[in-house]
Amino acid sequence: MKLNRLLIFIAFVLLIPTSSASAHHPMWGDEDTTIIDNLTTSFAFYRNLPADKIHVYTFIGKRGQNLHAGINIPAVKGLENYSVTMALFGPTLPEANHDQLPPEHPEDLGALIFPSKVSADFFESFTQTLYWGRQSIEMTLPANGEYYLVIWQPEGLAGKYVMDSGHDEVFGFGDLFLFPIWWVQVHVFFGQGAYLLAGAAIILGFIAFTIIKRRKTA
């Protein structure tokens, strides 16, 4: 009975944030180009940005549609001053200064450039992780067509960032079982994989000790 209670307690601790947390739907990948399926659902794209690389996010927008896109930097040692630049390319946008753009970028489209700036920090309650706030886009799209969000580091420094898009937090019942996996993925992204392994080893060791003790006293 004690072992069953322990397992139930562990599951409860892992799943308790699902009823109260306000969270983005996490998206993982290492591709250079990512398609955003819709602009309303709240996504968080966790990305490692190699030196001298650019990341491109594409989406189909409609005139009058709201666009939200924000940059946050995971609060880990070494990234205190890290920043990226973000530019939006799309139809009818004004011509941008090409000297401020990366060498590789969408051609024949206007662009708006959003340099890094310090904004409010963000604490994600579900994963208990802190992010340093940077720039964001909040605007109405001017025309129908394909748009490109381009993110790069002007000095060519490698680092990590999280880009969030949309505002609507949409989760299905099946996501309930993915929350513990997402929790682990976020902490690995924060470089805490060794601590997770140590914690898992302690828990498994305790469970094994409890099983052995029960058998000895049976």
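## A guided tour of a sheet and its aromatic rings

Begin by selecting the open sheet of six strands, whose order is β1-β3-β11-β5-β9-β8, with mixed pairing. Strands are DSSP runs of E with at least two residues, helices are runs of H or I with at least four, and both are numbered from the N terminus. Two strands pair if DSSP finds at least two bridges between them. The model is predicted: local features need pLDDT of at least 70 and side-chain atom pairs count only at pLDDT 80 or more, whereas totals for chains, interfaces and linings use all residues. Residues are numbered from 1 along each chain as its sequence is written, and side-chain values use heavy atoms, with hydrogens and water left out.

**The edges of the sheet.** Select β1 and β8 (122-124). Each stands at an edge with a single partner strand, so one side of each is left without a neighbour in the sheet. On average, neighbouring strands of this sheet are turned by 35° against each other, direction ignored. Axes here are lines fitted to C-alpha atoms, for helices over the stretch in contact, and angles between N-to-C directions run from 0 to 180 degrees.

Next, select strand β9 (residues 129-140), which runs antiparallel to β8 and is joined to β8 by three bridges. Which residue in β9 is the bridge partner of Phe122? That partner is Tyr131.

**The helix on the sheet.** Now add α2, which packs on the sheet and touches β1, β3 (43-49), β5 (66-74), β9 and β11 (159-165). A contact means heavy atoms within 4.5 Å. The direction of α2 makes about 55° with that of β1.

**The aromatic rings.** A search of the whole structure finds 10 aromatic pairs. Rings of Phe, Tyr and Trp (its six-membered ring) pair if their centres lie within 6.5 Å; planes under 30 degrees apart count as stacked, over 60 as edge-to-face and the rest as tilted.

Select Trp28 and Phe189. Their ring centres are 6.2 Å apart and their planes stand at 70°, so this pair is edge-to-face. Because Trp28 lies in strand β1 (residues 25-28) and Phe189 in helix α2 (residues 179-189), the pair ties together parts that are 161 residues apart in sequence. Trp28 is partly exposed, with a relative accessible area of 30%, while Phe189 counts as buried at 7% relative accessibility. Buried means under 20% relative accessible area, exposed over 50%, and partly exposed in between (1.4 Å probe, protein chains only).

Now display Phe59 and Tyr147, a stacked aromatic pair with 5.5 Å from centre to centre and 5° between the planes. This pair links distant parts of the chain, with Phe59 in strand β4 and Tyr147 in strand β10, 88 residues apart. Are these two residues buried or exposed? Phe59 counts as buried at 3% relative accessibility, and Tyr147 counts as buried at 0%.

Return to Phe189 and add Lys160, whose charged end sits over the ring of Phe189, 4.6 Å from its centre. A charge sits over a ring if NZ of Lys or CZ of Arg is within 6 Å of the ring centre and within 35 degrees of the ring normal. Ring pairs also link Trp28, Tyr46, Phe122, Tyr131, Phe189 and Phe190 into a cluster.

**Strand β10 and its partners.** Select β4 (residues 54-61) and β10 (residues 145-152), which pair in the antiparallel sense over eight bridges. Gly61 stands opposite Gly145 in β10. Then add β6 (residues 85-90), which pairs with β10 in the antiparallel sense over five bridges. Phe89 stands opposite Tyr148 in β10.

**The whole chain.** Finally, show everything: the chain has three helices and 11 strands. Buried residues make up 41% of its 218 residues.
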